[in-house]
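Welcome, and thanks for opening the viewer. Let's take a short walk together, one selection at a time.

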Amino acid sequence: MKLRTGYFAPILFLAMLSASCAKEVSQTEPIAEAVEAPAPKPVKTPAAKRLEPVDRDPFTYANYKAVRVTDLALDIAVSFDERVLEGTATLSFDRIDPNARSLVLDSNDLEISAVEAGADGAWRKTPFKVGPDDADLGSRVEIEIPESATKVKIAYRTSPDAEGLQWLSAEQTAGREQPFMYSQNQSINARSMAPVQDTPAVRMTYSAHVTTPPQLLAIMSAEQDSGPRDGDYSFSMPQPVPAYLLAIAVGDIGFKAISETVGVYAEPATIEAAAAEFGDTPQMETEASALYGPYRWGRYDLLVLPPSFPLGGMENPRLSFVTPTLIAGDKSLVGTIAHELAHSWSGNLVTNATWSDAWLNEGVTSYVENRLMEAVFGRERARMEQALAYSDLTAEIAGIEQPELTRLQLPADIDHPDTAFSDVAYIKGQFFLHFLESRYGRAPFDEFLKTWFESKAFEPATSADFRKHLMETLAAAAPDAASVNEIDEWLYGTGLPSTLVVPTASAFEDIDGRETVWAGGEMSASAIDTSKWTTQHWLHFINAIPDDVTGERLRDLDRTYDLSSSANAEIAFAWYRRAVKNHYAPAMPSIEEFLGRIGRGKFLYPLYEALVENDEREFAERVYAKSKPLYHPIARKRIEEILAPKT
Ligand code: BES
Ligand code: ZN
C-alpha cells in the first residue's frame, strides 16, 4: 500500500523550499477602505485553474441526496468483557426523493441482526442487505423503506476490532484499576460504532441511552444527564452534527470545573494537573466568542484521555478529546486546546462538505487557533507558533510527490480522506487567511470570518462557497486589495503561492545561527544562553540542528540540558527525531521508553519512519512488538505500513 502523505504521515526529510516561491517581507499594511466598486476581473493562470466543488462525497455509500438521516437514537450496552457495543440505532430520515424506496447507510465490521421500519406508528421487520467489506470504506447497508416509513431501528453489535474504538485494559490506564474505552470517529470511523450516513455532508441530532459497568462513567459529545454514577446514562445533542462528531468515552473518569461552563474530565490521577494546565480555556472561549460570534454549544469540556490516544486533540462538540501529552506544566502546549475550541466555529458549525475541502475545517481552525493564542498569550508567542508551522509546511510540501496534493481544494479522487489532512490543509490554509487579513485589514477580515460562520452555521461548505463569500464581501468592498488571480492561486494553485508572507518571529531571529556555531564546535552548549527560552525556542533550535552534527556535539547538548529526559513531549520528540537521524545512540533507551508510553501518532509515525530510514529497523520492530498493545488500531495500521518491507 502506498504511503499516505499528510498529517498522518508527516514527511521526514527536511528539504528546503525553493526560495523563489516565497517572498521574505514583513507584514503588509492593511487596506481597510470599504469603497463601492465592482469585484476584480478574473485572470486565468493554469496553476490556479478553478476546480468544480466535489459533487458527492466519494467516501460514503449513503444515498444522502435521496434519503437523508436527520436523527439518531442509540440504545447501547458497553461490554468490556466482549469489547463490543451492542443495542439498537434508530434513525429518522427525510425523503428528499419521494420515490426513494431504500435507505443506504455506512457500516464497518458491524454485525446487524435485524432491521425494523417505523411506519403508521408500528414497527415491522424490513429486508436489508449488507454489501462486501471494503478495507477503507467498510460495507454498504441497504434497507428497504416502505412508503409510509419515517424511521428504521437497527439491532447491531460492533466488532472488538472496530477501527474507531479503543478498548484499554486496566493496566493501560493511569489508575490501573478499571478498563477504559473511547471512540475516534473522524474521518470515517463513525460507521464502525453505529450504522450511519457517515459523511460530513449529512447532519443529524442525536440522543443515546448507554449502560456500562456501574462503577464507570460514560460521557459523550452531547448534553450529559445529571444522574448519579450508576452505569445508566442518557445524552442528547440537540444541534445537528455530522457523524464524525459522534463520540463516547467510558472509564473511571472524574470531573473538575474550571469555570461555570468549562471543565475537565480525566482519570483521577491526571485531573488536578489537567485543570491547572488548561486553566485559560474559559478566556480562550471568551476571546473566540468576541471575535466570531456566540459559542453555540452550551458547555465546553475537555476529556484528557489515556496516553494511547492517537491524536493531539479531537473537536468532539461540547467535549474535546485531548492527549495527556499536552500537560507540560507550563501551558506551553495549549495551542491544541485553542485549536479544538476553535473548531466549535470552523468545522463543527461550518463543516467541510467533503474531505476534499478539509482545509475549511483545519486551515480556518489553525488561523483561529493562532488568533486565540495571540489574544491570550501575546503576539510573540503567536508569531513563534506561525514560524514553527511554516517550517513544518515547507518540509511537508517538499516531500509531497503529487503536486495536486499541495492544493487547498483537493480533487475528488484522493485515495482516502486522511490524505486531505496534511500540513497543506492546516498550515497553507492558515496562511491563506493570514494573507487575506494582511490585505484587507484585521477588522474587516474579522467581520468577514464572523459572517462566514453565521451565514453557513450548521451547514456543509465548499471552497467555492468560501470564495463566493469572499468575493461578495471583502473583495467587493476593496477590489484593489487582492486580485482574483492572487486569491485563486491560494485556493486552487499548487505549492506555495507567490504572495505568501514568510512569518518571522523576532525571538527566533535572536537565537538563529547559534545552532551552527555550536554544531561547528566553536561554542559549547553551556555557553548558549537558554535561560529565557520557552518550549517554542527549543523546538526552533532543535529543528535547525543540521543533519551532519556529530555525536560528540549532541552529547554535549544532551548532557547540558538533559534533552533525552525532557518531560515536555514536543521537545522530547523533536530531540529524539534528531537523535535517530544523527545516529546518536545514547538517546535510544529514552526513545524506547517514550514509544512504549505514548500512542500519539504525531510522535510515533515520524519516529518509526526515522528509525526505518536510519538503519534501526530491528530496534523499531522490537519496540513496536512490545508497545503495540498500547497503540490505537488507527496507529497500529499506520505503523505496520511504515514497518512493512518496501516493495
Ligand atoms: N480534527 C483534527 C483531528 C483529525 C484530523 C482526526 C483528521 C482525524 C482525521 C483535530 O482538530 C486536529 O487537528 N488535531 C491536531 C492538533 C492540532 C493542534 C494540529 C492533532 O491531533 O495533532
Ligand atoms: Zn483540527
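## Inside and around helix α17

Begin by selecting the buried residues of α17: Gly601, Phe603, Leu604, Tyr605, Pro606, Leu607, Tyr608, Glu609, Ala610, Leu611 and Val612. Keep in mind as you look around that this is a predicted model.

Now show the whole helix. Of the 13 residues of α17, 11 are buried, so the helix is largely enclosed by the rest of the structure. What covers these buried residues? Bring up α15, α16, α18 and α19 (633-643), which are included in the cover.

If you like to check helix geometry, take the distance from the first C-alpha of α17 to its last: the helix reaches 18 Å, close to the 18 Å expected at 1.5 Å a residue.

## Two residues with positive phi

Step off the end of α17, and you come to Asp615, with a positive phi near 60°. Asp615 lies in the loop between α17 (601-613) and α18 (617-627). Is Asp615 buried or exposed? Asp615 is exposed, at a relative accessible area of 68%. As a reminder, most residues other than glycine have a negative phi.

Next, select His583, another stop for the backbone enthusiast. His583 is not a glycine, yet its phi is positive, near 50°. You will find His583 in the loop between α15 (569-581) and α16 (588-595). The relative accessible area of His583 is 46%, which makes this residue partly exposed.

## A cis peptide bond

Jump to Gln186 and Ser187 and display the backbone. The peptide bond that joins Gln186 and Ser187 is cis, with omega about 0°. Ser187 belongs to the loop between β10 (180-183) and β11 (203-211). For context, most peptide bonds are trans.

## Strand β7 and its partners

For the last stop, select strand β7, residues 139-144. Try colouring its two faces separately: Ser139, Val141 and Ile143 make up the covered face, while Arg140, Glu142 and Glu144 make up the uncovered one.

Which strands are joined to β7 by bridges? Add β3 (residues 102-107), which runs antiparallel to β7 and is joined to it by six bridges. Here, Val104 stands opposite Glu142, a residue of the uncovered face.

Then add β6 (residues 128-130), also antiparallel to β7, with three bridges between them. In this pairing Val130 stands opposite Val141, which is on the covered face of β7.

Methods:
Residues are numbered from 1 along each chain as its sequence is written. Chains are lettered from A and ligands numbered from 1 in the order in which they are written. This is a predicted model: local features need pLDDT of at least 70, side-chain atom pairs count only at pLDDT 80 or more; totals for chains, interfaces and linings use all residues. Side-chain values use heavy atoms; hydrogens and water are left out. Buried means under 20% relative accessible area, exposed over 50%, partly exposed in between (1.4 Å probe, protein chains only). Helices (H or I, at least four residues) and strands (E, at least two) are DSSP runs, numbered from the N terminus. Two strands pair if DSSP finds at least two bridges between them. The expected span of a helix is 1.5 Å times one less than its number of residues. Contact means heavy atoms within 4.5 Å.
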